[in-house]
Amino acid sequence: MIGRLFSIVIDCPDPSRLADFYENLLSLPRVYDSHEYVVLKGPSGGDIVTFQRVEDYRAPQWPDPERPAHLHVDVLVEDLDAAEAKVLELGATLLEGSDKPIGYRVYADPVGHPFCLITPESVTLPD
């Protein structure tokens, strides 16, 4: 083993504002907050997401290869429709959807990073 995942770092123009969105989406509390960085951390210490201020931030455009995602987060949910209503209320935008109750839907967070809501039925992980 070379190492282990410590934190996912997301570039953005306003760390506090984007952290508000993910704090609600992932139910992770804010443990550090400054003008340049905001850190969310799960109670077990293993789930860490950091938001880093980047001047002249240029948002990705799904699925344009000229403006790639840079990061993609899958969020496991039980009910796509209920979860969609909540993320849209938080400020997400639906990018690619399905009216099926299982599977996945692609959204953009408030500054354009794509993320997916996925259901357990759509997840196939290697043993």
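Charges to begin with. This chain carries 10 positive and 22 negative side chains. The centres of those two sets sit 3 Å apart. Keep in mind that this is a predicted model.

Next, the surface. About 8000 Å² of the chain is exposed. Carbon and sulfur atoms make up 53% of that area. As for the interior, 35% of the 127 residues count as buried.

Now the fold. We have two helices and eight strands. Reading from the N terminus, the order is β-α-β-β-β-β-α-β-β-β. So one strand precedes the opening helix, by the order β-α-β-β-β-β-α-β-β-β.

On to overall dimensions. Along the principal axes, the C-alpha atoms fill a box of roughly 40 × 35 × 30 Å. Does that go with a compact globule or against it? For 127 residues, a compact globule would have a radius of gyration near 14 Å, and the chain has 15 Å, so the two agree.

Contacts, then. Take those with a separation of 6 or more. Of these, 47% link residues 24 or more positions apart.

Last topic, the aromatics. How many aromatic pairs does the structure hold? Five. Look at F21 and Y22: their ring centres are 5.0 Å apart and their planes stand at 85 degrees. Over 60 degrees counts as edge-to-face, so that is what this pair is. Both F21 and Y22 are buried. These two also belong to a wider group: F21, Y22, F51, Y107 and F115 form one aromatic cluster.

Technical notes. Residues are numbered from 1 along each chain as its sequence is written. This is a predicted model: local features need pLDDT of at least 70, side-chain atom pairs count only at pLDDT 80 or more; totals for chains, interfaces and linings use all residues. Side-chain values use heavy atoms; hydrogens and water are left out. Helices (H or I, at least four residues) and strands (E, at least two) are DSSP runs, numbered from the N terminus. The radius of gyration is taken over C-alpha atoms; the globule rule is 2.2 Å times the number of residues to the power 0.38. Buried means under 20% relative accessible area, exposed over 50%, partly exposed in between (1.4 Å probe, protein chains only). Contact means heavy atoms within 4.5 Å. Accessible areas come from the Shrake-Rupley method with a 1.4 Å probe; for residues, only the protein chains shown count as cover. Lys and Arg count as positive and Asp and Glu as negative; His and the chain ends are not counted. The place of a charge is taken as NZ of Lys, CZ of Arg, CG of Asp or CD of Glu. Rings of Phe, Tyr and Trp (its six-membered ring) pair if their centres lie within 6.5 Å; planes under 30 degrees apart count as stacked, over 60 as edge-to-face and the rest as tilted.
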